[in-house]
Amino acid sequence: MSHDPAHGTPPGKGGAGASAPFVASAALGPEAHVMVGNADLFVNWARKSSLWYLLFATACCGIELMQAGASRYDLDRFGAVFRATPRQSDLLLVAGTITHKMADRVKRLYEQMPEPKYVIAMGSCANTGGPFYKDSYCVVKGVDLLIPVDVYIPGCPPRPEALIDGIMKLQKIIMQRKNYGAKA
Amino acid sequence: MEAQAIFDTLKGKFGDAVVELQGEGFSPAFVVVAPAAVKEVSRFLKEDPGLSFDVLMCLSGVDYKEKFAVAYHLHSLKRRHAIGMKAFLPRETPSLPTVDDVWPGANFHEREAFDLFGIVFEGSKDLRRILLPEDWEGHPLRKDYKYPDFYHGIKV
Amino acid sequence: MTVRTDALPTQEMTINMGPQHPSTHGVLRVILTTDGEVVTRAVPDVGYLHRGLEKIGERVTYAQFMPFTDRLDYLAAMNCNCAWAWAVEKLAKIEVPERAEYLRVIVCELNRISSHLIAFGSYTADMGAFTPFLYAIRERERVNDLFEMLCGNRLTYNYARVGGVSGDAPPGFLEKTKEFLDYFEPKLDEYNNLISYNKIFVHRLANVAVIPAEEAVAYGLTGPNLRGSGVPFDLRKDEPYSVYPKFDFKVCVGTGERGTPGDCFDRYMVRINEMRESVRIVRQAVARIPDGPVMAKVPRLFKPPAGEAYFRSECPRGETGIYLISDGSVNPFRLKIRTGSFVAMNIFEKVTRGLMIADIVAVIGSLDIILPEIDR
């Protein structure tokens, strides 16, 4: 693991925004800074490699999610395995239509997940309401009306390849996260 | 048994409570009965050995704009014949007796008609909304239903 | 000596199962009232996936509703597609070319296989055996490949049209279908050797949630759930539609093979055996498919005559009945879809009384419900 200049602020350029951990590491010398930057990299790498997703299959996309997790597409390669409970999940994969009756439950599931948590809206229904956008009276027009979404995957339903691409995009987002050091 | 023969049998037994036979353009044909007589006619349709309609295939509410209707699709596994039964209801007070003690499978269908049309089935053992949340306003499958703007603060 | 029963007061406990639960096959919520481990009452609460398909049907044209039937039962989208097409054709009295009917039968039966594969795979996974699920998906992917070749999508096909199908089979499709059948048929014996007669599996299913034949009829159960109770009723045989009368196949019924007729094991075995019958039907259809057009001349915006029609077709989860009312305009006036899962949910409260909590999962899986069919 090499030092990545994109992570953290170089010493001496922190300015007024430098927070306490950064100052502490500056006091230890330049090597300490390198260590802080790498800790981010290490933690993010660990997180992206074990993305446990909540098996939250409400509709059609759930079947593609199942098939993506099974023999041919094998989502386990990315460290993504399904969990039955939100308490053990890092990722809420909203796979399917969310109705108004279901809306409160989605919020509660999201709130039950431990930090850091991510959301992927899989399929048109979770993105915008999909084919039910215009004429349905009880479909929530996009899950981002309820909870924050990190990655949107279009498709009705998206193919497993698209889902895998979405998960890889989320892994990129996770790698950019700053856990330690100065906050920009 | 043909639809006309079933209609004649019912007419002979119940008289004016059996109104008409909707045959042309209807598949299967419908026997239109007065709403108050629905339960007696149903029981007869099920228990008469010549008819023995033992399965209620489908129960649907219909909004014909000027009036409501409940349509029953019946099928007999013993006799292998089918018929429809229909009862027209006034728009203001749509209510009729339940048939869930004749065919126990009617309960979910009746709850659905209650939920989406507001049709009341008197004497039902369990008449609650089934598909929509309890606090939903209005009955969506009515022709004059206006979509709400918000539900619990979320845009509909 | 008197036994004091009030010394240890106990009370019933209410448990919410769902709507987010891995074994409820979707967003089903069951409110369990339990006395210890025994369920005294299990009330299903449905509607968490109610998307208002019937209202949508009144606002779009007959042809535009076709994609929504995919989402009615996404595990058997072909069957729903064709059911809708057949219903509209019955209402409007449209003649369909024979090749199109053969193609419809082929895709319907292939979809029945892939739907029963999910039923089989997820059921065994619910019962604690995850491996058969992977086997089932392995085979299902091959059916998906066939459909992808035919119409370009893996799950929601939009293949049938009012008056035919959207496209003829591409070159090589029928050969590939035959290849798949040769590959798949021995797999059914493999499943039976792998899990069906596994002692633990049989113990979990046999004599659990017995539905006697009279009760199944009274509640209006259809499809494998009715046949599991020993009633030999299959719409493909008893009220034949399309070209089904031309094929030789058997109606599978539950016989109480490992317990009582009508228990969970019988319903499970009916599905396994039905896959074999579907293979037989597809074999015959592929061998005998005639040449010719695949689409009748139907105007894009057609108006069926005013009238009412009820069409019943045999879907993997029971009868899908479509009640259509036309007022002579381009949109359906009213459309009601009666589905097998909706009716199966009605009997749920009755058959689960007195079972253990773990058996609830066995019952849900054996009824093979799917939520969009219940909620529509």
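In the predicted model, strand 2 of chain B (residues 26–27) pairs with strand 6 of chain C. The two strands run in the parallel sense, and two bridges link them. On the chain B side, B:F26 faces C:E308, a residue of strand 6 of chain C.

Strand 6 of chain C spans residues 307–315. Most of this strand is covered, with eight of its nine residues buried. Strand 6 of chain C also pairs with strand 7 of chain C, which covers residues 318–326. Here the sense is antiparallel, and nine bridges join the two strands. One of the bridge partnerships sets C:E314 against C:E319 of strand 7. The connection between strand 6 and strand 7 of chain C is a hairpin of two residues. Strand 6 of chain C thus has strand 2 of chain B as a parallel partner and strand 7 of chain C as an antiparallel partner.

Chain B also touches chain A. Nine residues of chain B and eight residues of chain A make up this contact. The chain B side of the contact comprises seven nonpolar residues, one polar residue and one charged residue.

Confidence values accompany the prediction. For the complex, the predictor reports an ipTM of 0.88 and a pTM of 0.87. Chain C has a mean pLDDT of 88. Of the residues in chain C, 98% reach a pLDDT of 70 or more. Where pLDDT is low, predicted coordinates should not be read in detail.

Notes
Residues numbered from 1 in each chain as written. Chains lettered and ligands numbered in written order. Predicted model: local features only at pLDDT ≥ 70, side-chain atom pairs only at ≥ 80, totals over all residues. pLDDT = per-residue confidence, 0-100. Contact = placed C-beta atoms within 7 Å. Nonpolar A, V, L, I, M, F, W, Y, C, P; charged D, E, K, R; others polar. Buried ≥ 20, exposed ≤ 12 C-beta atoms within 10 Å, placed from the backbone. Helix = DSSP H or I, 4+ residues; strand = E, 2+ residues; numbered from the N terminus. Pairing = 2+ DSSP bridges.
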